[in-house]
Amino acid sequence: MVDIASKALESKLDEVDLDDTESLKQTYHELLSKSYILSKAYKNLQKEFKKLSKDHTKLNELHQSKDIDSFI
């Protein structure tokens, strides 16, 4: 996902007219917007990863307790 955004950004930067103030302003605002979107997506992924990590830990504990019960 980030790689696609990065490639799109690179191609857009190739089209920016560095002598045109309006073009620079527009590109700057697009960069801010995309940066916000990526930051928000990253935070959501962190939350999901943390939740998955907790679930994984619980499943491992459950699995270990079943292994112990089977030996008793």
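**Contacts and salt bridges along helix H2**

Ser23 touches Val16 and Asp17, leaving aside residues up to four places away in sequence. The model examined here is a predicted one, and Ser23 offers a handy place to start reading it. This serine is located in helix H2, which covers residues 21-71. With a relative accessible area of 15%, Ser23 falls under the 20% cut-off and is therefore buried.

A second residue of the helix joins the picture through the backbone of Ser23. The backbone oxygen of Ser23 lies 2.8 Å from a polar atom in the side chain of Thr27. Thr27, too, is part of helix H2. Its relative accessibility is 7%, so Thr27 counts as buried. The contact thus links a buried serine, at 15%, to a buried threonine, at 7%.

For the protein as a whole, buried residues make up 6% of the 72 residues. The exposed area comes to about 6800 Å², and carbon and sulfur atoms supply 59% of that area. In terms of secondary structure, the protein has two helices and zero strands.

Turning to charged side chains, a general point helps with the reading: side chains of opposite charge can pair when their charged atoms come close. In this model the count comes to two salt bridges. One of them joins Glu22 and Lys25, with the closest N and O atoms 3.8 Å apart. Why are Glu22 and Lys25 separated by about one helical turn? The two residues are three apart in helix H2, which means that about one turn of the helix lies between them. Glu22 has a relative accessibility of 53% and so counts as exposed, the cut-off for that class being over 50%. Its partner Lys25, at 43%, counts as partly exposed.

The other pairing brings together the side chains of Asp55 and Lys51, in a salt bridge with an N to O distance of 3.6 Å. Both Asp55 and Lys51 belong to helix H2, where they sit four residues apart, about one turn of the helix. How exposed are the two partners, Asp55 and Lys51? Asp55 has a relative accessibility of 31% and counts as partly exposed, while Lys51, at 47%, is likewise partly exposed.

Taken together, helix H2 holds the salt bridge partners Glu22 and Lys25 as well as Asp55 and Lys51, and Ser23 also has its place in this helix.

Notes:
Residues are numbered from 1 along each chain as its sequence is written. This is a predicted model: local features need pLDDT of at least 70, side-chain atom pairs count only at pLDDT 80 or more; totals for chains, interfaces and linings use all residues. Side-chain values use heavy atoms; hydrogens and water are left out. Buried means under 20% relative accessible area, exposed over 50%, partly exposed in between (1.4 Å probe, protein chains only). Contact means heavy atoms within 4.5 Å. A salt bridge is a side-chain nitrogen of Lys or Arg within 4 Å of a carboxyl oxygen of Asp or Glu. A polar contact is a pair of N or O atoms within 3.5 Å; within protein, one must be able to donate a hydrogen and the other to accept it, and residues adjacent in sequence count only if both atoms are side-chain atoms. Accessible areas come from the Shrake-Rupley method with a 1.4 Å probe; for residues, only the protein chains shown count as cover.
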